[in-house]
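I opened this entry to look up the pockets of one structure and the surroundings of one residue. The notes follow in the order of the look-up.

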Amino acid sequence: MIRLLVGLGNPGPEYEATRHNAGFWWLDAAARKLGAAMQPQRQWFGLAARIDGPHGPVWLLEPMTYMNLSGKSVAALARFYKIEPARMLVVHDELDLPPGQARLKLGGGAAGHNGLKDIVAQLGTPDFWRLRLGIGHPGIKAEVADYVLRKPPAEERDAIVQAVARSLESLDLLLAGEMLRATNVVHAKPPRPRPPKPAPAADTAPADPATEPR
């Protein structure tokens, strides 16, 4: 069962709407869904909340350390409450997925993500769950740093927000430890939009001369 939900991002209003904060967007939405009130917690170096769910206590955490020191916050809370890495879900932005896609997996590399790198370093293992929220790639490696710290255009942001909403449908399954079913929910393709209904055929019958305007 997942006992710690972590959203990655950077603190401060200047970063709030940037691609790199997609993990914060997800965790804020999860907190609303669970009725959790995120509060500053100095000992965890971030915003945190605890809920008592049907399967036991669950912590929500947003590190306020800036991205490259995320592990400092995650490890502090996890060690105090003895939460094993396999019971953590870290939600983060993912360059290798297009906006609108989300993927769930256990373990793996950091793929250059500084938040993941520091969490792996602090925990000593990569074996925690990740929810990857696609933000797309600028196409040139040298532009990645600026790209993730910029606001996405409205169309891309809408796609990311929709992916957040769809992936949150797996939240109860995640907290119950039903990871295969949760993965199926996250990976399900969004429904295709219905085609518009055809317009009714125009009446082509000849007009009655008696009713024609003079």
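I took a pocket to be an open set of grid points with protein on both sides within 12 Å along at least five of seven lines, and its lining residues to be those with an atom within 4 Å of a point. The model is predicted.

Entry: largest pocket. I looked up its volume and found about 410 Å³ of space. I then listed the lining, which has 20 residues; nearest the centre lie His20, Leu95, Gly112, Val144 and Val148. Strand S5 (88–94) and helix H4 (144–148) are the elements that give two or more residues to this lining. By class, I recorded 8 nonpolar, 8 polar and 4 charged residues in the lining of the largest pocket.

Entry: second largest pocket. I noted about 310 Å³ of space here. Its lining comprises 18 residues, with Glu16, Asn21, Phe24, Trp25 and Asp28 closest to the centre. Helix H1 (22–34) and helix H5 (154–167) each give two or more residues to the lining, and H1 supplies the largest share, 5 residues. I recorded the classes of this lining as 10 nonpolar, 3 polar and 5 charged.

Entry: Thr18. I located Thr18 in the loop between strand S1 (4–7) and H1. Is Thr18 buried or exposed? Its relative accessible area is 1%, and the cut-off for buried is under 20%, so I entered Thr18 as buried. I found its side chain 2.7 Å from the backbone oxygen of Tyr15. Beyond its neighbours within four places in sequence, Thr18 is in contact with Trp25, Val148, Leu149, Arg150, Lys151 and Pro152.

Conventions. Residues are numbered from 1 along each chain as its sequence is written. This is a predicted model: local features need pLDDT of at least 70, side-chain atom pairs count only at pLDDT 80 or more; totals for chains, interfaces and linings use all residues. Side-chain values use heavy atoms; hydrogens and water are left out. On a 1 Å grid over the protein atoms alone, a cavity is a set of points where a 1.4 Å probe fits but cannot get out, and a pocket is an open set with protein on both sides within 12 Å along at least five of seven lines; lining residues have an atom within 4 Å of a point. Grid points are joined across faces, edges and corners, and a volume is the space filled by probe spheres set on the points. Helices (H or I, at least four residues) and strands (E, at least two) are DSSP runs, numbered from the N terminus. Ala, Val, Leu, Ile, Met, Phe, Trp, Tyr, Cys and Pro count as nonpolar, Asp, Glu, Lys and Arg as charged, and the others, Gly among them, as polar. Buried means under 20% relative accessible area, exposed over 50%, partly exposed in between (1.4 Å probe, protein chains only). A polar contact is a pair of N or O atoms within 3.5 Å; within protein, one must be able to donate a hydrogen and the other to accept it, and residues adjacent in sequence count only if both atoms are side-chain atoms. Contact means heavy atoms within 4.5 Å.
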